[in-house]
Amino acid sequence: ANIKTESGEYMIAGENESEFPELPKVEIEYEVEIEGKLFERMIKKSIFAVSSGEVRSSLMGVYIQLLKGELRAVATDGHRLVKIVNKGVNIQKDIGGFITSPKALNQFLKNKSDDDGIIKISVSENYLVFSFNNYVIYSRLIEGTYPEYENVIPKDNNNKLTVEKGPMESSVKRISIFSNKVTQQIKIKLMETSIEISSEDVDYGKEGKELIPAEYKGEDMVIGYNYGYLLDVLEHMDTEKIMFNFGGPTSAGLVYPIKQEKDEDILILIMPIKLTEEED
């Protein structure tokens with residue numbers, strides 16, 4: 001293409017319009033309208049936990065469920081699982097669950113503005129279509145069956161920790177400097193009025209530990225975590241205080257904000273790293 005202005009002339013390579021891909025032909029089965037800020041929040045709170053590997057394609061997307069009076073977003077990579085539910089939506093009946101590409105959702109986040117208001121989500125056999133402002137984003141659904149995620153969320157984690165998010169997050173960042181770069185492991189020792197966060201790298205002869213005030217009711221235990229996964233979880237909590245529910249040192253822990261937002265229920269599951277007897 002040749003572009004001329006008053007002061008210059010520019011040549012830009014282009015493609016023949018006949019070779020440009022056509023928009024997908026989709027037969028819309030259902031449409032729902034969702035508040036844009038609400039949907040944006042749910043995607044931002046879940047997309048970080050999508051699997052980046054290729055072991056199981058169904059884990060490589062956010063599972064969006066459109067249910068009667070309820071919108072859900074779920075994501076997991078096997079190390080972490082996020083479930084966020086909002087019951088303040090006007091969905092008249094159960095429509096289904098759809099594994100949605102992170103690329104399409106990131107395009108939504110990139111182009112969404114605070115002024116967009118309501119977005120329309122249209123459902124077809126193979127696509128979710130997001131319409132807002134002057135944008136229409138077609139997301140081809142990821143094939144496969146999403147795992148029965150409710151089955152992996154423990155119901156009897158009776159060891160409860162309440163801690164300030166800020167101090168814990170800062171401590172994990174500092175202590176991570178002393179961890180082994182391969183395992184990225186830190187240890188958390190749970191005590192009645194504090195937690196001890198520690199790590200060591202035997203190969204380089206370095207170690208560190210810190211005590212953080214906390215409230216803990218449960219069995220004494222030491223739990224190992226990948227510090228990167230733990231930081232991801234902490235960064236996606238909004239409240240100053242957060243709560244951990246533990247079952248044991250080798251079972252999934254649950255993390256919640258100390259107070260949920262209106263109509264919202266957010267839960268993050270994080271798997272521990274098994275410690276050896278010597279590390280215990």
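This dialogue walks through a few features of a predicted model.

Reader: How many helices and strands does the chain have, and what does the C-alpha trace span along its principal axes?

Author: The chain has 4 helices and 18 strands, and its C-alpha trace spans about 70 × 50 × 35 Å along the principal axes. Of the 280 residues in this chain, 48% count as buried.

Reader: How should I read the label given to Ile12, and why does Ile12 count as partly exposed?

Author: The label depends on relative accessible area, where buried means under 20%, exposed means over 50%, and partly exposed covers what is in between. Ile12 has a relative accessibility of 46%, and therefore counts as partly exposed. Its place in the chain is the loop between strand 2 (9-11) and strand 3 (30-35).

Reader: Which residues form a nonpolar patch on the surface with Ile12?

Author: Ile3 and Tyr10 form the patch with Ile12, and together these residues have about 280 Å² of accessible area.

Reader: Turning to the interior, how many cavities of 30 Å³ or more does the structure hold, and how much space lies in the largest cavity?

Author: A cavity is a space where a probe fits but cannot get out. The structure holds 1 cavity of 30 Å³ or more, and about 60 Å³ of space lies in the largest cavity.

Reader: Which residues line the largest cavity, and how do they divide into nonpolar, polar and charged?

Author: The lining includes Arg41, Lys45, His236, Asp238, Glu264 and Ile266. Helix 1 (36-46) and strand 18 (264-270) are the elements that each give two or more residues to this lining. By type, the lining residues divide into 3 nonpolar, 3 polar and 6 charged.

How values were computed:
Residues are numbered from 1 along each chain as its sequence is written. This is a predicted model: local features need pLDDT of at least 70, side-chain atom pairs count only at pLDDT 80 or more; totals for chains, interfaces and linings use all residues. Side-chain values use heavy atoms; hydrogens and water are left out. Patches are made of residues with over 30% relative accessible area and no salt bridge: like charges are joined within 9 Å, nonpolar side chains (Val, Leu, Ile, Met, Phe, Trp, Tyr) within 5 Å. Accessible areas come from the Shrake-Rupley method with a 1.4 Å probe; for residues, only the protein chains shown count as cover. A salt bridge is a side-chain nitrogen of Lys or Arg within 4 Å of a carboxyl oxygen of Asp or Glu. Buried means under 20% relative accessible area, exposed over 50%, partly exposed in between (1.4 Å probe, protein chains only). On a 1 Å grid over the protein atoms alone, a cavity is a set of points where a 1.4 Å probe fits but cannot get out, and a pocket is an open set with protein on both sides within 12 Å along at least five of seven lines; lining residues have an atom within 4 Å of a point. Grid points are joined across faces, edges and corners, and a volume is the space filled by probe spheres set on the points. Ala, Val, Leu, Ile, Met, Phe, Trp, Tyr, Cys and Pro count as nonpolar, Asp, Glu, Lys and Arg as charged, and the others, Gly among them, as polar.
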